[in-house]
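Trainee: Could you take me through one part of this model in detail? I would like to see how a single helix sits against its partner.

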Amino acid sequence: MLERLDMIDALRREDAPASVLLTEVRSLLSEAEEWVRAEPGADQQAIGALQRCREALAAGERRAGAVLAAR
């Protein structure tokens with residue numbers, strides 16, 4: 001997951017298209033969800049972090065949709 005975070009950060013610095021960033025964020029979210037499911041005692045911080053990731057992804061998708069609609 002840390003490697004994917006680094007990749008997302010590098011893509012952001014390179015001004016990658018939103019669709020590329022969203023694909024990476026979706027993959028990160030999927031990996032994080034798998035990790036939490038695999039950890040029988042996953043604490044509430046991990047669950048909260050996943051929820052914040054979902055919310056950030058949804059917000060990014062809304063922004064990307066608005067940008068595309070404006071074109």
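**A close look at H3 and its partner**

Mentor: Happy to! H2 passes H3 in a left-handed crossing. Keep in mind throughout that this is a predicted model.

Let me set the scene before we zoom in. The protein has three helices and zero strands, and along the sequence these follow the pattern α-α-α. Its C-alpha trace spans about 45 × 20 × 15 Å along the principal axes. Of the 71 residues in the protein, 24% are buried. Looking at contacts between residues at least 6 apart in sequence, 44% join residues at least 24 apart.

Now to H3 itself, which covers residues 44-70. This helix has 27 residues, and the distance from its first C-alpha to its last is 39 Å, close to the 39 Å expected at 1.5 Å a residue.

Glutamine 44 lies in H3, and it makes a handy place to begin. Its relative accessibility is 61%, and because the cut-off for exposed is over 50%, glutamine 44 counts as exposed. Its C-alpha atom is separated by 27 Å from that of leucine 21, and the two residues are 23 apart along the chain.

Next, the packing. Two packed helices are described by the angle between their axes and the distance between the axes. Here the partner is H2, residues 18-38, and the axes of H2 and H3 come within 10 Å and cross at roughly 160°. Angles over 145 degrees count as roughly antiparallel, so that is the description for H2 and H3.

Which residues of H2 and H3 make the contact? On the H2 side they are Ala18, Leu22, Val25, Arg26, Leu29, Ala32, Glu33, Trp35 and Val36. On the H3 side they are Ala46, Ile47, Leu50, Cys53, Arg54, Leu57, Gly60, Glu61 and Ala64. By type, the residues of this contact divide into 13 nonpolar, one polar and four charged. Since Gly counts as polar and Arg and Glu as charged, you can sort the names yourself while you look at the model.

Finally, what is buried in H3? Ala46, Gly48, Leu50, Leu57, Ala59, Gly60 and Ala64 are buried there, and the buried residues of H3 pack against H2. If you colour the model by accessibility, try following H3 from exposed glutamine 44 to buried residues such as Ala46 and Leu50, both of which also belong to the contact with H2.

Key. Residues are numbered from 1 along each chain as its sequence is written. This is a predicted model: local features need pLDDT of at least 70, side-chain atom pairs count only at pLDDT 80 or more; totals for chains, interfaces and linings use all residues. Side-chain values use heavy atoms; hydrogens and water are left out. Helices (H or I, at least four residues) and strands (E, at least two) are DSSP runs, numbered from the N terminus. Buried means under 20% relative accessible area, exposed over 50%, partly exposed in between (1.4 Å probe, protein chains only). Axes are lines fitted to C-alpha atoms, for helices over the stretch in contact, and angles run from 0 to 180 degrees between N-to-C directions. Angles under 35 degrees count as roughly parallel, over 145 as roughly antiparallel, 65 to 115 as roughly perpendicular and the rest as oblique. A crossing is left-handed if the near helix is turned anticlockwise from the far one by less than a right angle, and right-handed if clockwise. Contact means heavy atoms within 4.5 Å. The expected span of a helix is 1.5 Å times one less than its number of residues.
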